[in-house]
Number of protein chains: 2
Amino acid sequence: MSSTESQKSSERRRILIVGGVAGGASCAARARRLSEDAEIIIFEKGPHISFASCGLPYYVGDVIKEEKNLLVATPELFRGRFNITVKVRHEVLSIDRKRQVIMVKDLESGRVTEESYDALVLATGSKPVKPPVPGIDLPGIVSLRTIEDSNLIRRLIENGKVKRVAIAGGGAIGLEMAENLVKRGISVTMVEMLSQVLSALDPEMAVPLQKSLIAHGVNLCLNNGVAGFEGSDDTGVQAVITKSGKKFPCDLVLLAMGVRPDIGLAKAAGLELGKLGGIRVDDRMRTSDVRIWAVGDAVETRDFITGEWTLVPLAGPASRQGRIAADVIMGRESRFRGVQGTMVCKVFDITAAATGANEKALRAGGKLTRYEKVYLHPGHHAGYYPGAKPISLKLIFSLSDGQILGAQAVGQEGVEKRIDVISMAIQKGSTVFDLEEAEMCYAPQFSSAKDPVNMAGMVAANVLRGDNPIKHWEDLTDSTFILDVREPFEFNQGHLDGAVNIPLPALRSRLGEIPRDREINLYCAAGQRSYYAVRILSLNGFKVKNISGGWLTYNQQKVRE
Amino acid sequence: MSSTESQKSSERRRILIVGGVAGGASCAARARRLSEDAEIIIFEKGPHISFASCGLPYYVGDVIKEEKNLLVATPELFRGRFNITVKVRHEVLSIDRKRQVIMVKDLESGRVTEESYDALVLATGSKPVKPPVPGIDLPGIVSLRTIEDSNLIRRLIENGKVKRVAIAGGGAIGLEMAENLVKRGISVTMVEMLSQVLSALDPEMAVPLQKSLIAHGVNLCLNNGVAGFEGSDDTGVQAVITKSGKKFPCDLVLLAMGVRPDIGLAKAAGLELGKLGGIRVDDRMRTSDVRIWAVGDAVETRDFITGEWTLVPLAGPASRQGRIAADVIMGRESRFRGVQGTMVCKVFDITAAATGANEKALRAGGKLTRYEKVYLHPGHHAGYYPGAKPISLKLIFSLSDGQILGAQAVGQEGVEKRIDVISMAIQKGSTVFDLEEAEMCYAPQFSSAKDPVNMAGMVAANVLRGDNPIKHWEDLTDSTFILDVREPFEFNQGHLDGAVNIPLPALRSRLGEIPRDREINLYCAAGQRSYYAVRILSLNGFKVKNISGGWLTYNQQKVRE
């Protein structure tokens, strides 16, 4: 494009977008819908725009059979449908903010040109975290960010060159890859520095995922960072060495230790950055330069719950931000309301989902210390209809007014549905009392007359109303009397040391066996019968607390330790 | 129970509950959780309490194998767990409000006793509608309200005595029974007076259900009321005769024409009734007598959207109302917020769900005439992941402020999830702009970066912002220019008579073919490409309207006619 062509009239604004995957593509398309006159150009370093990056693990796993299925849009489609120029294999080298131009390199020809802008949008995305450990640059250490990455791994699997893969990192991509590799007959080791996988969850909620990984043959190594890699340039990587000195032989390493905002361009141009390493933008997605916007993985954004800056590299928010940047460039009053971090991840038979703040974030934030949490384990649909599977639900809420702060759910079916509903509730500032009264679809294949969402609201509301004082397993002390109100056959299959068993139906006639000078802590399988017992005992003048989530939650926590 | 036993102190209140299925059982259990002292007695005419009435069709269909699975709770469980006396096979004959006593007949012994109350709760439920037509009392005309009803039908099927069943009524029970009977090899005819099944939906949204019934061999006869039945006391019913004179031979008739509140007791006691034939209660579930409460199918309640009185015989609201009545009896400040009518019904491969007001209700109500609706047909998850099924969504919203008034969805997967989210949104007074910004769980098996809920919000918000002026198929006139922006191969497979085909990618270069003196009405397959075309044309000065839902909605409507 010559400098003559790039000259603009006031009629014909020139919008340049750096990066064409999620936020960039949605920004471009939206901008065109608001103006037929603007000149809109996307520069994308890679060979594809708008591809389904969330589908890459499933393409590796051959669930998605063909590369073309991953191409949500092509440069041709953008040209035909939106009159948008897409320049793939074009790398933006630098921004001259004063002159409002960028330098662009055509990676095919090597030619560098200058492009002027009226508005510039940085959708530069993120880069995989690459730890500075010995052997990190060995052949066979890959990440999964592009279609090319996944084609490489597919080829290695199909050629029989790779039998053992070590996955460094237990986040969503690592987990989804573990499943897909196992399903292709690969032996998988997962090495994770933290004590849990999927850090969007609190540790006890990740346990069912960990159990499932192990049950499906994944060699799961938690609490163990990567210290280095063995191998040579000839052999490629041959083993992962952990910080505790363990050695896991492998033919390929997948780096899945998370991502970092790709801010090279922004930094070099002197745009303001945040403390977390992302580009600083306002709620209109504008950077510290009024003519430059930034969206997607590259930016820091506000946590909707805590108000803190956060990095949330998810496609949904990126796409929303892209639209908002386009709106603002075109003079509209759009604002980004922040992110709740609503997410879902399925691994083998287990689905985990979350929205809002988790306990780790609330503790770290420090602002919102007055929260409480409840655990419950309702069936995903009516128990009388065959096939009901339990969902482990954790609801976190404000002790002052019952406002919902976050929720996490793990189970086999209907997990993300409940989190979606609670996500909507959080968006509208709902309380646990609102969940009690929510009207959910009920037919026996789908739910119960009291949906798990209602149940979560009721359990939490009972806590706030003082009807169900609770305690958590981690807070038990020796000074309390522990009462197990399950049936004897359940008690005999496993119970807390020192717990006394009085089944709920016998409780009223055996009140004399319960001390009045100590706090009574009750539990049952999941917390419902013990709630009934709490009511009986507190109405009879005992000091009682229900252990939230009961024996099921205990076992989740115990396995973790 | 003698009159001596029924004498009460101020400490020991006596709460009598008439009816022990959904609302009655939940009221009793809740009351006990709030008081250990109260005497609580449930009188239930039938042999069971708290059974899974929503499971009955699936018990007939042998999906639920054993009767005992339907018994959510038993009198023994109520006694042991809640210290609640349950008197099954006890019919309450009358209420003496002045003396605060009821007359109760033990249906086993025939003995009638008097029981005094401090608080009386009527959870008398509903009765099937039984039209006064010739032959209505013939043997073999049954309804499905109790476990006994379903055992009878099971037995007749298993004995081979029933090969052909006529279902009178196309509501949820009729539909679920049609599926279950077909799966047991029964030949099914469904006769429905209205032009559609499942009247919770607007007619065009019911079409996929009707297609599915027909595809699975159900002989569906719409727009045709039941005029009478043929048969004799010896042979039993042998045929249904419709108002149009059609005759459908059958061995059994299932009456599924809806239910009416069972208000015999309340009416005889002079309690205030509503115009719809239900017991009148306030938002604390109190009747016109301050010592009598009523809950469940028997009462009229407020529609959350329209504010009108309504009858909503669903288990979820009944259970909530039972809790609220118990709270109020025990001196708490609970209030029932009204019903949204959130419901789901699955028939063969098709699930239909709805929440809030439908167009029929809005038109009938008259208050909320300033509404608009949009149709869309998004996939239930990402299109690039195999197995995505379309959901047909209809969103109804206020034209003045975008408040969501109702939603309906029909499809194969993920249908009720979207309605649950929108139900939560409606509960909190959300607008379509809130749906745009909703943060939903996204992984390719579950959703798209823009969930159908987001898409619905965006389409509606684009209408309200004036970016996407819409029109509906039923409002087309001859004076407009109809533009089909699909590809020629799609156009050639079927299009509106008189429509001109200019595919979206060619539109910008063929603007000269489009008249400027007339309104242009555009459509594509589902409304997305035509929205892009609307933007191009309106930014170029044309008068345009997008036909909401496109060709897919057209076909839904056409099949109906």
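## Terms and model

A residue is called buried if 20 or more other C-beta atoms lie within 10 Å of its own, exposed if 12 or fewer, and partly exposed in between, with C-beta atoms placed from the backbone. This is a predicted model, in which local features need pLDDT of at least 70 and side-chain atom pairs count only at pLDDT 80 or more, while totals for chains, interfaces and linings use all residues. Residues are numbered from 1 along each chain as its sequence is written, and chains are lettered from A and ligands numbered from 1 in the order in which they are written.

## Two loop residues of chain B

B:Asp62 is partly exposed, with 14 other C-beta atoms within 10 Å. B:Asp62 lies in the loop between H2 and H3 of chain B and, although not a glycine, has a positive phi of about 65 degrees. Helices (H or I, at least four residues) and strands (E, at least two) are DSSP runs, numbered from the N terminus.

B:Ser50, by contrast, is buried, with 24 other C-beta atoms within 10 Å. The loop between strand E2 (39-44) and helix H2 (56-60) of chain B holds B:Ser50, whose phi is near 45 degrees, a positive value in a residue other than glycine. Most residues other than glycine have a negative phi.

## Relation of the chains

A turn of 180 degrees and a shift of 0.0 Å along the axis lay chain B on chain A with an RMSD of 0.0 Å; copies are superposed by least squares on the C-alpha atoms of residues with pLDDT of at least 70 in both. That is the relation of a two-fold axis. In chain B, the C-alpha nearest the axis belongs to B:Val421, 2.4 Å from it.

## The interface

Chain A and chain B each give 65 residues to the contact, where two residues are in contact if their C-beta atoms, placed from the backbone, lie within 7 Å. Among the elements of chain B that supply at least two residues each are helix H3 (75-82), helix H8 (315-329) and helix H10 (415-427). H10(B) provides the largest share of the side of chain B that touches chain A, 9 residues.

## The nonpolar core

A nonpolar core is a set of buried Ala, Val, Leu, Ile, Met, Phe, Trp, Tyr and Cys residues joined through C-beta atoms within 7 Å. The largest has 373 residues, of which A:Val121 and B:Val121 touch the most other members. Leaving aside neighbours within four places in sequence, the contacts of B:Val121 include B:Ile15, B:Trp293 and B:Ala325.
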